[in-house]
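Open the structure in your viewer and keep the sequence panel beside it. The tour below says what to select at each stop and what is there.

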Amino acid sequence: MATAPSAASRIAVVTGASSGIGAATARQLAAAGYRVVLTARREDRIEALAKEINEAGHQATAYPLDVTDRAAVDEFATAFKTVAVLVNNAGGALGADPVATGDPADWRTMYETNVIGTLNLTQALLPRLEASGDGTVVVVSSTAGHGTYEGGAGYVAAKHGAHVLAETLRLEIVGKPVRVIEVAPGMVKTDEFALTRFGGDEEKAAKVYQGVAEPLTAEDVADTITWTVTRPSHVNIDLLVVRPRAQASNSKVHRDL
């Protein structure tokens with residue numbers, strides 16, 4: 001297992017950094033001057049990304065981590081005295097079945113990764129964020145956390161949990177030197193999100209984006225996250241919803257078919 005970096009200023013921890021939004025965010029935060037700590041379960045992916053970032057002249061360290069393993073998260077946190085930024089990006093969706101037939105195991109997994117994982121990292125690193133004197137917690141939720149749609153109840157419930165976690169934390173720590181930001185993306189086309197949701201079924205995954213000329217990219221969302229993080233310290237972007245122009249709501253999308 002890779003060793004976490006020694007304490008330093010302007011450390012940004014990014015969870016779920018092995019692909020998609022997490023990987024893109026790590027690249028952009030590193031380019032913005034942060035020393036980025038990449039966490040995810042797939043060690044080979046984050047090691048390769050860390051090498052890429054370092055070879056580009058920036059600073060990155062890989063640390064394999066399952067955000068749902070509280071003991072491992074607590075051990076990870078001991079590596080730091082201060083942390084400047086925590087991007088809670090690890091999560092994802094499983095299945096698109098109606099409530100009547102949804103798999104409870106899928107619901108439990110989504111809640112564990114999207115909510116408990118965010119809780120674990122936030123609790124473990126909050127003292128380090130506060131100790132930095134200028135910390136930022138980012139919760140990457142989803143427009144699913146702000147409006148339901150058929151076949152999405154399990155994911156919607158999990159992302160609503162992430163939204164409420166961020167909203168409540170902001171109330172509870174007001175007055176402390178830590179911002180709480182929520183970024184809620186709409187339709188984002190990445191290599192893995194829809195494919196994972198549909199158990200590797202490429203046909204079903206492709207239909208999610210069928211006819212949509214320009215869904216968001218991981219880089220679009222990473223750019224949004226990096227913008228919120230790099231605002232002046234007194235500026236808190238409480239909630240930023242970002243969708244492609246073709247998407248008016250979770251269930252209304254323009255498609256050229």
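A helix here is a DSSP run of at least four residues, numbered from the N terminus. Keep in mind that the model is predicted.

**Stop 1: methionine 110**

Select methionine 110, which lies in helix α4. Is methionine 110 buried or exposed? Buried means under 20% relative accessible area. Methionine 110 has 3% relative accessibility, so it counts as buried.

Now show what surrounds methionine 110. Setting aside neighbours within four places in sequence, methionine 110 is in contact with Gly92, Ala93, Leu94, Val115, Gly154, Tyr155 and Ala158. Add alanine 157 to the selection: alanine 157 and methionine 110 are 47 residues apart in sequence, while their C-alpha atoms are 8.9 Å apart in space.

**Stop 2: helices α4 and α5**

Select residues 104-131, which form helix α4, and then residues 153-172, which form α5. Their axes are 7 Å apart, and the two helices pack at an angle of about 15°. Angles under 35 degrees count as roughly parallel, and α4 and α5 are therefore roughly parallel to each other. The crossing of α4 and α5 is right-handed.

To see the contact, show the side chains. On α4, select Trp107, Met110, Tyr111, Asn114, Val115, Thr118, Leu119, Thr122 and Leu126. On α5, select Ala153, Gly154, Tyr155, Ala158, Lys159, Gly161, Ala162, Leu165 and Leu169. Colour the contact of α4 with α5 by class, and it divides into 12 nonpolar, five polar and one charged residue.

**Stop 3: leucine 169**

Stay in helix α5 and pick leucine 169. Leucine 169 has a relative accessible area of 9%, so it is buried. Apart from neighbours within four places in sequence, leucine 169 is in contact with Thr122, Leu126 and Val180. Next, measure from leucine 169 to valine 137: the C-alpha atoms are separated by 9.6 Å, and the residues are 32 apart along the chain.

**Stop 4: tyrosine 149**

Go to the loop between β5 (135-140) and α5, where tyrosine 149 lies. Which residues is tyrosine 149 in contact with, leaving aside neighbours within four places in sequence? They are Ala144, Tyr155, Val156, Arg197 and Asn250. Then select serine 251, which is 102 residues from tyrosine 149 along the chain; the C-alpha atoms of the two are separated by 6.4 Å.

**Stop 5: helices α3 and α4**

Return to α4 and add helix α3, residues 70-77. These two helices pack at an angle of about 20°, with axes 9 Å apart. They are therefore roughly parallel to each other, and α3 passes α4 in a right-handed crossing. Arg70, Val73, Asp74, Phe76 and Ala77 of α3 make the contact with Asn120, Leu121, Gln123, Ala124, Leu125 and Arg128 of α4. By class, the contact of α3 with α4 has six nonpolar, two polar and three charged residues.

**Stop 6: helices α1 and α8**

Select helix α1, residues 20-31, together with helix α8, residues 218-229. Their axes are 8 Å apart and the packing angle is about 50°. Helices α1 and α8 are therefore oblique to each other, and their crossing is right-handed. The contact includes Gly20, Ile21, Ala24, Thr25, Gln28 and Leu29 of α1. From α8 come Ala218, Glu219, Val221, Ala222, Asp223, Ile225, Thr226 and Val229. The residues of the contact of α1 with α8 divide into eight nonpolar, four polar and two charged.

**Stop 7: the nonpolar cores**

In soluble globular proteins, nonpolar side chains tend to be buried together. The largest nonpolar core in this model has 36 residues. Select Leu29, Tyr34, Val36, Leu38, Val87, Val138 and Ile225, which touch the most other members of that core. Helix α1 gives the largest share of this core, six residues. There is also a second, separate core of 26 residues, which includes Val37, Phe80, Ala90 and Leu121.

Finish on valine 36. Neighbours within four places in sequence aside, valine 36 is in contact with Ala12, Val14, Ala26, Leu29, Ala30, Gln59, Ala60 and Thr61.

Definitions and conventions. Residues numbered from 1 in each chain as written. Predicted model: local features only at pLDDT ≥ 70, side-chain atom pairs only at ≥ 80, totals over all residues. Heavy atoms only, no water. Axes fitted to C-alpha atoms, helices over the stretch in contact; angles between N-to-C directions. Parallel < 35°, antiparallel > 145°, perpendicular 65-115°, else oblique. Left-handed = near helix turned anticlockwise from the far one by under 90°. Contact = heavy atoms within 4.5 Å. Nonpolar A, V, L, I, M, F, W, Y, C, P; charged D, E, K, R; others polar. Core = buried A, V, L, I, M, F, W, Y, C linked by side-chain atoms within 4.5 Å. Buried < 20%, exposed > 50% of the residue type's maximum accessible area, 1.4 Å probe, protein only.
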